[in-house]
Every structure is written in structure tokens, then in C-alpha cells.
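Okay, everyone, let's get going. I'd like to walk you through one structure today, so have a look at the screen.

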Amino acid sequence: MSISKLDENDIFLKKILDAPLGQVVTVLGENLNCKICIDLIEQNTPKPGTKFERKIVVSADGLPIIRAIIKFDRNQLPDLVVNELLQKRSLVGTILNRYSILNDKKVISANFDKSGKIFYRVYEIQSHGKILFEIEEEIKLDHLDLIRKKYYL
């Protein structure tokens, strides 16, 4: 399935992909009739230094729908944002909104696995041309379809 075919056939998935940072859970909640959870699985530094990775999972009705790895370099972010990220209490979008940091999403790559059941995407969150975050995302379309069928959506 091509990306352009996706846009024609699945308006709901397009809404998920177009959601601003921090709004995916809201979009899922508005479109699915089930419990939506977002869990911070892990946050660490792959190597000692200033670069961090945060792993999250967004689930609907207990099924993982989106898995994401969010990479950031503390040297590229204001200290207040870094402090909140390191406390691991708030989501990236929530923190950026709290400090009124304007941001844009720039998609680097987007494609399906061979079976068409998983959609992969890599994008950057930029502010004034500076890369704040790089996000690798995996959307499990088969799980999303199960939820939609269960609730007749």
C-alpha cells in the first residue's frame, strides 16, 4: 500500500499522522470508543553524554497501537524543558506547550512493512529551524483494525 493510497482510504489514520505533537491520545480518544493509555516505558542515555532516548507506547483497549522512540540532545533544549524531561513526569508535547515553544513536524521517512500491517515513520520536531526531537514511530495497523472492528468504527 502506498502512502498516497493511505490518504484516500483511511481518514482516521491520516488524522493520527497529522496530529500535532502531544495530541495523538486526544485524536485516538475522539475516534475510538475505548480506554486510551500512554506509557513511558524507558528513558535513558544510549551512551554517556547529552543525548537521550525516551520510549513510549500508546495503547487502545489494552493493545499497543503506537510505539515511539523520541531522541533528544539536552544541549538543543532550554534548561526548563530538559529538567522536566529528565523528571519523566510529562510528555514532550505537554512540556513544549507549557513553555509556549512553537514547533513544526518534518517527516523524514514514512513506509509500510511488507505485510502492510505496520506503518513506520521518522520525523523531526523543529523550532525556528533547530531540531529539538527526532521521533521514530511504529503504528500497528492490525491492532488498530481490531479495535475499530470491535467497536464497529
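**A walk through the strands, rings and pockets**

Let me start with a cysteine. At 26% relative accessibility, Cys 37 counts as partly exposed. Before anyone reads too much into that, remember that this is a predicted model.

So what about disulfides? The count comes to zero. Cys 34 isn't in one, and the nearest cysteine sulfur to its own belongs to Cys 37, 9.1 Å away. Turn that around and you get the reason for Cys 37 as well: its closest cysteine sulfur is the one in Cys 34, and 9.1 Å is too far for a bond. For the chemists, the cut-off here is sulfur atoms within 2.5 Å. As for Cys 34, it counts as buried because its relative accessible area is 17%, and the limit for buried is under 20%.

Okay, on to the strands. β1, residues 36-44, runs antiparallel to β2, and eight bridges join them. If you want a place to put your finger, Asn 44 sits opposite Glu 53 of β2. On to the next partner: β2 also pairs with β3, residues 63-73, again antiparallel, this time over ten bridges. Glu 53 turns up here too, standing opposite Lys 71 in β3. The link between β2 and β3 is a hairpin with two residues between the strands, and Asp 61 in that turn has a positive phi of about 55°. How covered is β2? Mostly: of its ten residues, 51-60, eight are buried. One reminder while we're looking at strands: in a regular strand, side chains alternate between the two faces of the sheet.

Further along the chain there's another set. Strand β4, residues 104-112, is joined to β5 by eight bridges, and the two run antiparallel. Asp 104 faces Gln 126 of β5 there. Their hairpin has five residues between the strands, and Gly 116 in the turn shows a positive phi of about 80°. Then β5 pairs with β6, antiparallel, over ten bridges. Val 122 has Glu 136 in β6 as its bridge partner. The β5 and β6 hairpin has two residues between the strands, and His 128 has a positive phi near 50°. And why do we call β5 largely enclosed by the rest of the structure? Because eight of the ten residues in that strand, 118-127, are buried.

While we're on β6, take a look at Lys 140, which is in that strand. Buried or exposed, would you say, for Lys 140? It counts as buried, because its relative accessibility is 15%. Its C-alpha is 9.5 Å from that of Gly 116, although the two are 24 residues apart in sequence.

Now the rings. There are three aromatic pairs by the count. Phe 52 and Phe 72 are stacked, 5.3 Å centre to centre with 10° between the planes. That pair links distant parts of the chain, with Phe 52 in β2 and Phe 72 in β3, 20 residues apart. Both Phe 52 and Phe 72 are buried. The pair of Phe 112 and Phe 119 is edge-to-face, at 4.9 Å centre to centre and 65° between the planes. Phe 112 counts as buried at 13% relative accessibility, and so does Phe 119, at 1%. There's also an aromatic cluster, made up of Phe 52, Phe 72 and Phe 133.

Last topic, pockets. The largest has a volume of about 270 Å³. It's lined by 21 residues, and the closest to its centre are Leu 21, Gly 22, Val 24, Ile 38 and Ile 56. The elements giving two or more residues to that lining are α3 (24-31), β2, β3, α5 (92-98) and β6. By class, you're looking at 15 nonpolar, three polar and three charged residues in the lining of the largest pocket.

The second largest pocket holds about 220 Å³ of space. Which residues lie nearest the centre of this second largest pocket? Of its 13 lining residues, those are Lys 51, Lys 71, Phe 72, Asp 73 and Glu 134. β2, β3 and β6 are the elements that each give two or more residues to this lining, and β6 gives the most, with four. The classes for the second largest pocket come out at six nonpolar, one polar and six charged.

That's my tour. Over to you for questions.

Terms used: Residues are numbered from 1 along each chain as its sequence is written. This is a predicted model: local features need pLDDT of at least 70, side-chain atom pairs count only at pLDDT 80 or more; totals for chains, interfaces and linings use all residues. Side-chain values use heavy atoms; hydrogens and water are left out. Buried means under 20% relative accessible area, exposed over 50%, partly exposed in between (1.4 Å probe, protein chains only). Two strands pair if DSSP finds at least two bridges between them. On a 1 Å grid over the protein atoms alone, a cavity is a set of points where a 1.4 Å probe fits but cannot get out, and a pocket is an open set with protein on both sides within 12 Å along at least five of seven lines; lining residues have an atom within 4 Å of a point. Grid points are joined across faces, edges and corners, and a volume is the space filled by probe spheres set on the points. Ala, Val, Leu, Ile, Met, Phe, Trp, Tyr, Cys and Pro count as nonpolar, Asp, Glu, Lys and Arg as charged, and the others, Gly among them, as polar. Rings of Phe, Tyr and Trp (its six-membered ring) pair if their centres lie within 6.5 Å; planes under 30 degrees apart count as stacked, over 60 as edge-to-face and the rest as tilted.
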